[in-house]
Amino acid sequence: MRKLYILLIVFAACLLAGCDENGESGYYEDIDRVYFVKDSLICRLGEMLMDVETYTVQVPVKVLGEPFGESRKFKVNVNKDLTTAPEDVYTLLPGEFVMDKDSVNAYIPIELLRSKIDPMVDTVYRIVLDLEVNDEFGLGVKEKLQSKVVFSNYLQEPDWWYALEFVYWGAYRPEKYQKMMEYWGGPISYEEYVSRMIQVILCGKKMYDYFKLHPEFGMEFPEATPWPYE
């Protein structure tokens, strides 16, 4: 019986310790706190049209608390040890960002400088952000205090390319697919390829005609390509 009392006392002490840390309701109550809504965001710059030279990723941040009648600032740092993106491919961030009054949502804008990233190199970069304590906010959910932006400017070969590679468009080159995307208006999905194959082939013909008029790009195609629907 005595052992049971001791166990009950230990259990009660653990409950009290938990309340001290997170509040009686299970939430942090001593100060408003911030956390990242998403632990990662992926940006495929290579799938954007060539005239897009910069792109801004909005990293969402949320307050663990109630809206406040005045704007406040929260602190964010780039984790240099985990970040692989060189500083010349994104706009350097200020140390603090504003949480608008009467709101619990904010966004950290990260401008990616696509024109500085070689589109012919298949490299994936990341920018890792850490939330930090300041005078106005503490740290919220411990699993959500770090977020990363993952991005690449390389245009991956689409799943459907190989099917007609030896008939129409030849070996994959990012420049070829980029030109097709330009005519198509964006990336061509496998579903679009299957359901609109004639249109995709005609789009490939436009790409073919363009590079035949511009041999300086060095694009190669199958000999005597039998383009249909002409």
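**Chat about helix H5 and strand E4**

Colleague: Hi! Which residues are buried in H5?
Modeller: In this predicted model, the buried residues of H5 are Val200, Ile201, Cys203, Gly204, Lys205, Met207, Tyr208 and Phe211.

Colleague: Nice. And what do the buried residues of H5 pack against?
Modeller: They pack against three helices: H2 (165-169), H3 (174-184) and H4 (190-195).

Colleague: How many residues does H5 have, and what does it reach from first C-alpha to last?
Modeller: H5 covers residues 197-213, so to speak a run of 17 residues by the DSSP assignment. From its first C-alpha to its last it reaches 24 Å, close to the 24 Å expected at 1.5 Å a residue.

Colleague: Switching topic to strand E4: which side chains there are buried?
Modeller: Along E4 (residues 72-78) the side chains alternate. Arg72, Phe74, Val76 and Val78 point to one face and are buried, while Lys73, Lys75 and Asn77 point to the other face and are not buried.

Colleague: And which strands does E4 pair with?
Modeller: E4 runs antiparallel to E5 (residues 96-99), joined by four bridges. With E7 (residues 125-132), E4 also pairs in the antiparallel sense, over four bridges.

Colleague: What are the bridge partners of Lys75 and Val78?
Modeller: Lys75 has Glu96 in E5 as its bridge partner, and Val78 has Leu129 in E7.

Colleague: Last one, where is Asp81, and is it buried or exposed?
Modeller: Asp81 lies in the loop between E4 and E5. Asp81 counts as exposed because its relative accessibility is 75%, and the cut-off for exposed is over 50%.

Colleague: How far is Asp81 from Val128 in space?
Modeller: They are 8.8 Å apart, C-alpha to C-alpha, and 47 residues apart in sequence.

Note on methods. Residues are numbered from 1 along each chain as its sequence is written. This is a predicted model: local features need pLDDT of at least 70, side-chain atom pairs count only at pLDDT 80 or more; totals for chains, interfaces and linings use all residues. Side-chain values use heavy atoms; hydrogens and water are left out. Buried means under 20% relative accessible area, exposed over 50%, partly exposed in between (1.4 Å probe, protein chains only). Helices (H or I, at least four residues) and strands (E, at least two) are DSSP runs, numbered from the N terminus. Two strands pair if DSSP finds at least two bridges between them. The expected span of a helix is 1.5 Å times one less than its number of residues. Contact means heavy atoms within 4.5 Å.
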